[in-house]
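User: I should like to understand on what grounds the descriptive terms for this model are assigned. Please set each value against its criterion.

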Amino acid sequence: MRTSLGALLVIGLAGLQFIAVLAVVFSSYVTSERALLDHARELLSDVGTNTIAHSRGFVAPAQSAAELSARLARDRVIASDVPELMEQLFFQQLQLAPQFAGVYYGSEEGDFVYVMRSKGSGPFRTKIIRHQGGVRTTELIWRDDKFNVIARWMDPDDVYEPRQRPWYIRAKDQMTTIWTDPYIFFSSQQPGITLASPVIDRQETGLEGVRGIVGVDIEISDISDFLANLRIGSTGRALIIHANGDVIAHPDKSLLKEQTADGTLHFVDIAHIDDPIARAAFAQLEADGQVPVEQETLSQFNYNGETYVSVVMPPMSDKLPWTIAAYAPESDFTAAIKQNRLTNIWIAGAVAVLTAIAGLALANYIHKPVRAFAVRSALVAQGELDPSDPLPATYEELEKANETLMQQIAARRETEMEYGSTFALSSRGMAQIDAQTGRFLRVNEKFSEITGYSATELSQMPFTLLGHPKDPPVLLFDNDQRGTPREVNHEMRCLRRDGEAFWALVNAILIFNQEGKPLHIVLTMDDITSAKQTEEQLAELSKDLSNLARDNTMGQVAAGLAHELNQPLTAIAQNADSALFAAQQMGGAGHGLHETLDEIAEQALRAGEIIRALRAFIRRDEGCRSDFDLSELVSQTQRLLSAESRAAGVSVIADLGALPAVHANRLQIAQVLVNLMRNAIEAVAEGDDLDRRVIVEAKVDGNEVHVCVSDTGPGVAEGITLFAEFETTKAAGMGLGLSICRSICLANGGRLWHQPREPHGAMFCFTLQVGGMEATQAA
Amino acid sequence: MTDGTPAVFIVDDDQDIRTSLTRALGQRGFEVSAYASAQAFLDAYDGETAACLVLDYGMPGMNGLELQARLNANGSPLAVIFITGHGGVPESVQAMRAGAVDFLEKPFRQSTLVERIKAAQQIAADKQAALVRRRDLATRFGRLTAREEEIVERMVANPAEVSSKEIGNALGISPRTVDHHRARILEKLEIRSLVELVDLVSKLKAPAG
C-alpha cells in the first residue's frame, strides 16, 4: 500500500508525540499507584512498629520495678512489717514511672502495702493493711509530690483481702512473674494490666515458699493517648487488640469500656467496637481465629465507597499477646499525589495537544513543497502547465527529481509526437481499437479516407461494423484471449460509408499491458481493391487465353489442314484440267474421258469448298478488334508467366516506353505474347548461360508498333523451318504455336518474323497497327 | 523472252502446285517460269518484263504481300494474281488494296485461272506501255535546263498567269528571255502548246499503274 507523505508526517510528528506523552503519563500513573501503596504500607508498618516500641517501653519499667521490689522483699531489705519503708520505695517507683498506676505488696499474712496515684486529697494515696495481735487495721495516707503527708486516717470498713485477688493467686501458683490480661481497674475505672511477681522465701528445708507477691498496676489508657496522638495520614487510626479480641487501646478511649449487666466494666470486643471502620477492617481477624496474626499483613478494603489500607502487626511478645492494627483511607496518602497526577495528566494532555498542533503545522510546512510539486507534476502531465515553467521553491532532492521528471516528460512527448505523426502521416490506414469493446479509440486520416467515415463517426462504432454485411463477421481476436496469437492478418471485404464495397488487407496486433491484460489493438489497413481487381483481370485473361488457345488450336489445325489439303487438291484440279485440255486438243477421245476429268476437277473444288466451310465455322469472332493499351497487356502477360519465369530462373524485362494505343484483337495479341514469351523462357531455360533474360521491347514505326521478344537462349538451330505447321522441336507440342501466332498477326493486319540475336539467342518481332486509324480514315 | 508469247510467273513454295500449274499453263501456250520463293523470283526477274504473276499468298520467308509491295515500289509492269489456301475476306481485301488484279482461293479450275491470267496480261501490257511513255517523257523532260524546268513548273502551277511578262517578273528576268525559254521548252518536249505541256506534266507525275 502506498502511504501519503502528508499522512506519514502527521502520524510521525503529531501522532507519535501524542502517543509518547500518553505512554509517559500512563507509566507514571501506574508506577505512582504502586509507589503510593508501598508508601501507605510502610507508613502503617512504621505506625505499628512505633506503637509496639512505645508499648514495650510503657510496660517494661513495670516489670523491672516489680521484680526489683520482689527481690528487695525477698532479701528482706524491705519487709511488710515495716510498711513505711515499703511505702517509700513504692512512692519513688511511682514517681519514676508515670504509667504506673500503683505498686503494692501483699504478704502471706494478709498484710498489704499499696501506693497509688490519687485524684482525691493528694496526688498519691497509700493504703496499709496491718495485722497486729489479731487485729486488722487499714490506714489510708494521702501525700504530695514531696512525700509530705496531706491527710491520714483509718478506714475501719475496709475488707480488702489481697490473698484472694487473681494476680496473687496466679503469681503464687506459677511461682514466676505473671501478666494479667488487660482489665478495667476497679479503683480508677481505667484500663490497665497488672504485673505480679512472687517474693520467694527459701527455707532451710530447701523448699521454696511464697512470702508475698509484689504487684504493679499499669494504666494503659496512656497507650490510647499515644495512639490518639499518632498521625496516620490525616484520618488514619491505630488500635491494639488483645489475643482474645478485646480492644485494649484505641485513640478514642471512651469506646474501650463496656458495662455488663452486673455493673462491672470490661473491654469491648473488636467485633462490637463502636468504630465501624475498625470493625470492617479487623473483625474478621477474631472470627478467623487469627488474632494475633503471625506476620505483618497489609490489606486493602472498601468501606462506604472509600478505599482503605490496613496493616496488622504480629504480637509484641509472649507475655503481651497484643497486636497492633492500623488503618487509614488510601486517599490520605494518595489524594495529593492523585491530585498531582491529575494535574500531570492535564498538563500532559495540553502538551500533547500543543505538540500535536505544532507537529501538524510542521508536517504541513514540510509537506507543502511536496504537495505543490505533486500538483505541478499533475498539471504538467495534463499539459496544463509547461515543464519549462520555473519550479516553486522546494527541496534539493525534489529539484533533481523534477529535472529527471521533466526530461522524461519531454522525451515522452517527443516519442508521442513522433509516434503521433507516424500514426497521422502514415500512408496506410491506422487505428487503435479498444481490446474489450472493439471500438475505435483513434484513427488516422488515411483510415478515414479508406473507410469514408470521419474520426468522430468511427469513435462511435465497433470495428466489426466495417465488415461487409454479406460476409461472416471478422473477429480480430477471440474473446478468450488465452492462447490466441497476438498478431493476425485478414483479407476482408468492407463497406465504405457510401455503401461501396472495397477489399482491405488488415493487420492487427494485440498490445498487452504490464499485467498481461489486453490493452488495445493496433490495426493497419490497406485498400487492396485495385490489386484485387488486377488479379481478377489477370485471372480472366488467363481463362480467356486458354479458351482462345483451344479455339485457335482447333482453328489452326483446320487452317493447317486446309492449307495442306488445298495444295494437293489444287494440283489435282490443275492436273485434271490439264488432262482434259490435252484430251480436247487430241480430240476424238471417248466422251467419257472428258466428263471424268471434269468430274475430277469439280470434286477437287468441292473438297476445297468443304474445307473452307469447316474453317469458316471454327474461325469466329475474329473481327473483334479494338484500341487497347499494349503496355498494360504486356505487363499482365508478364505477371501471368511470372511463375514459369521464376521456376526457370529467367528474368523477364519489359522495356516499352510511351506507346500509342494499338488496334487489334486484344485477346489474340495476348496469345501471341504468351506464346512468344513462353517460347523465349523455355529457350533460356534449356541453355546454361549465366545471362538468363527475356526482353520485351516495343517502338513506334510510322503507323505500326513493332514488338520484339528476344531471349538469351541458344537461338534457332540451322535447318529448322519456323512457322511451319506440325513441325516442332519440343517434346510436347503440336508445332502450331508460331504458326498460329503468325496467322493471328496477319489477321490483325500485322506481320511476324524471326531474326537472330547477337551474340546468341532468338528475337521474334511482330507489328501491330496504331489505334485511332479507322477514326481518322472515317473523317 | 519471245515477243507475242504471253509470260506467266509462278511463285509458290509447294512443288506440286508449281509443277501442275507450269504444265497446265504451258499446254495453253503461256511461257511459264516457276519460283519456289519470293526471293528466288526477285533474283531472277529483270524488272521490265510485262507479265502476269501468279503469287502464293502465304509463304514462309517473304510472303506474297511483301513481294507485291516490293514490286510496286519498283514500278514493275506486273499484274499480280494471288492464289491462297488460307483464303479469307481480310486477306483478299488487303491484297486488292495493295494492287492485286485478282485473288483466287485454292483449289480452282484451270479455266478460271486462264481467264484471269488473260485479263491480267492486258493490264500488265497497259502498265508496261505507261511505263514506256513515262520513261519517254522523263527523257524529254531530262533535256530541259534548270531554268527551263523552273519556267515549266511556274506555268503548270499557275495556268492563269502564263504570260511571259508575268513569269519574267516572278523570276526576275526579262519577258523576252522568257519567250526564248518557252520556245526551247516546246521544242525539247516535242509539243506545240501550253495545253499539251500541262497534260504531259500531269501524266509524268501520276502514280504508276
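Analyst: The model is predicted. In chain A, 60% of the contacts with a separation of 6 or more are between residues 24 or more positions apart. The secondary structure of chain A consists of 16 helices and 28 strands, and 31% of its 779 residues are buried.

User: Why are H6(A) and H7(A) called roughly parallel?

Analyst: Helix H6 (residues 330-382) and helix H7 (residues 396-425) of chain A pack at an angle of about 5 degrees, and their axes are 12 Å apart. Angles under 35 degrees count as roughly parallel, and therefore H6(A) and H7(A) receive that description.

User: Which residues make that contact, and how do they divide by class?

Analyst: H6(A) contributes A:Pro369, A:Val370, A:Phe373, A:Ser377 and A:Val380, while H7(A) contributes A:Leu398, A:Asn402, A:Leu405 and A:Ile409. By class, the contact of H6(A) with H7(A) has seven nonpolar, two polar and no charged residues.

User: What makes S17(A) and S21(A) a pair of strands?

Analyst: Pairing requires at least two bridges between the strands. Strand S17 (residues 429-434) and strand S21 (residues 518-527) of chain A have six bridges in the antiparallel sense, and the pairing criterion is met. One of the bridges joins A:Gly429 to A:Met525 in S21(A).

User: How many bridges join S17(A) to S18(A), and what lies between these two strands?

Analyst: S17(A) and strand S18 (residues 440-443) of chain A run antiparallel and are joined by three bridges; at least two are needed for a pair. A:Ile433 has A:Phe440 in S18(A) as its bridge partner. The two strands, S17(A) and S18(A), form a hairpin with five residues between them, and A:Gly438 in the turn has a positive phi of about 75 degrees.

User: Which helix gives the most to the side of chain B that touches chain A?

Analyst: In total, 21 residues of chain B are in contact with 25 residues of chain A. On the chain B side, H1 (15-27) and H5 (110-142) each supply at least two residues. H1(B) gives the most, with seven residues. The chain B side divides into seven nonpolar, seven polar and seven charged residues.

User: How do you know that the length of H1(B) agrees with its number of residues?

Analyst: At 1.5 Å a residue, the 13 residues of H1(B) should span 18 Å, and the end C-alpha atoms are 18 Å apart, which agrees.

User: What qualifies residues of H1(B) as buried?

Analyst: A residue is buried if 20 or more other C-beta atoms lie within 10 Å of its own. In H1(B), B:Ile17, B:Arg18, B:Ser20, B:Leu21, B:Ala24 and B:Leu25 are buried. After H1(B) comes B:Gly29, with a positive phi near 95 degrees.

Technical notes:
Residues numbered from 1 in each chain as written. Chains lettered and ligands numbered in written order. Predicted model: local features only at pLDDT ≥ 70, side-chain atom pairs only at ≥ 80, totals over all residues. Helix = DSSP H or I, 4+ residues; strand = E, 2+ residues; numbered from the N terminus. Buried ≥ 20, exposed ≤ 12 C-beta atoms within 10 Å, placed from the backbone. Contact = placed C-beta atoms within 7 Å. Nonpolar A, V, L, I, M, F, W, Y, C, P; charged D, E, K, R; others polar. Expected span 1.5 Å × (residues − 1). Axes fitted to C-alpha atoms, helices over the stretch in contact; angles between N-to-C directions. Parallel < 35°, antiparallel > 145°, perpendicular 65-115°, else oblique.
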